[in-house]
Each structure stands twice: as structure tokens, then as C-alpha cells.
Amino acid sequence: MYNRFAAARRRYLRTHMDGIYTGMLLTGTLEPHLAEIGESAQAMFDRIVEQLKKSEGATEQLKASDQMEWVGRMNSIRSRAEEIVLHDLIYN
């Protein structure tokens, strides 16, 4: 799966690890690597978002009663989950 996380990994490798990027590109291992990272990162992101939603009470009931509060919580949750994924998988 090629997604925003795979694109971020590609940019990171190309910018900060040019030798590794070039080697992977020449041996044909870059695209499978990016696909694997993309899948793993998306799964991790989804799992973290669900865990944070449960722990912080961002429920469907809250969404129905106070939509702006729910949106604020979800934006915060998604932002934090993305930072965790980027730190643990993409920039590592």
C-alpha cells in the first residue's frame, strides 16, 4: 500500500540516507520496502487512534451531543497518533 506514510519514508530516505535510498532503488527493494512501511504505519496509526479514542472518551455519544468538542478531540488524537508513527517507523 502506497500512502502518505510510504511517501514520507521515501522523502526521508532520499533526503537523509541517500546511499541507502540509491542502493534500494538499484536493487529493486525500495518499492517493496515502501509498501511494507506504508501498510505497517497505517495499521499502527489506526490502532493508536482507536486506543486513544477509548481512553479519552471520543465516543459517538459525544459526537452526537457536542460535535465541536468531538472534532477537537479527534484532531488532537490523529495528530498525536501520526507523530508517534512518524517517530517510530518513518524516521527510524
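Biologist: Before we get going, what counts as a salt bridge here?

Modeller: A salt bridge is a side-chain nitrogen of Lys or Arg within 4 Å of a carboxyl oxygen of Asp or Glu. Keep in mind that this is a predicted model.

Biologist: Thanks! How many salt bridges does the structure hold?

Modeller: There are five salt bridges in the structure. One of them joins E82 and R4, with their closest N and O atoms 3.1 Å apart.

Biologist: Where do E82 and R4 sit in the chain?

Modeller: They link distant parts of the chain, being 78 residues apart. E82 belongs to helix α5, residues 67-90, while R4 is in helix α1.

Biologist: OK, switching to α3. Why does its end-to-end distance look right for a helix?

Modeller: Helix α3 covers residues 30-56, so its 27 residues at 1.5 Å a residue should span 39 Å. Its end C-alpha atoms are 38 Å apart, which agrees. Just after α3 comes G57, with a positive phi of about 70 degrees.

Biologist: And how do α1 and α3 pack, at what angle and axis distance?

Modeller: Helix α1, residues 4-16, packs against α3 at about 130 degrees, and the axes are 7 Å apart. An angle like that makes the two helices oblique to each other. The crossing is right-handed.

Biologist: Which residues meet there?

Modeller: From α1 you have R4, F5, A6, R9, R10 and L13. On the α3 side they meet L30, E31, H33, L34, I37, G38, A41, Q42 and F45. By class, this contact has eight nonpolar, three polar and four charged residues.

Biologist: What about α1 and α2, at what angle do they cross?

Modeller: Roughly 115 degrees, and the axes of α1 and α2 (residues 18-27) come within 5 Å. R10, L13, R14 and H16 of α1 make the contact with D18, I20, Y21 and M24 of α2. That contact splits into four nonpolar, one polar and three charged residues.

Biologist: Last one: are α3 and α5 parallel, antiparallel, perpendicular or oblique?

Modeller: Oblique. Their axes cross at roughly 140 degrees and come within 9 Å, and α3 passes α5 in a right-handed crossing.

Biologist: Which residues of α3 take part in that contact?

Modeller: I37, S40, A41, M44, F45, I48, V49, L52, K53 and E56. Their partners in α5 include R73, M74, I77, R78 and E82. The α3 and α5 contact has 14 nonpolar, one polar and seven charged residues.

Terms used:
Residues numbered from 1 in each chain as written. Predicted model: local features only at pLDDT ≥ 70, side-chain atom pairs only at ≥ 80, totals over all residues. Heavy atoms only, no water. Helix = DSSP H or I, 4+ residues; strand = E, 2+ residues; numbered from the N terminus. Expected span 1.5 Å × (residues − 1). Axes fitted to C-alpha atoms, helices over the stretch in contact; angles between N-to-C directions. Parallel < 35°, antiparallel > 145°, perpendicular 65-115°, else oblique. Left-handed = near helix turned anticlockwise from the far one by under 90°. Contact = heavy atoms within 4.5 Å. Nonpolar A, V, L, I, M, F, W, Y, C, P; charged D, E, K, R; others polar.
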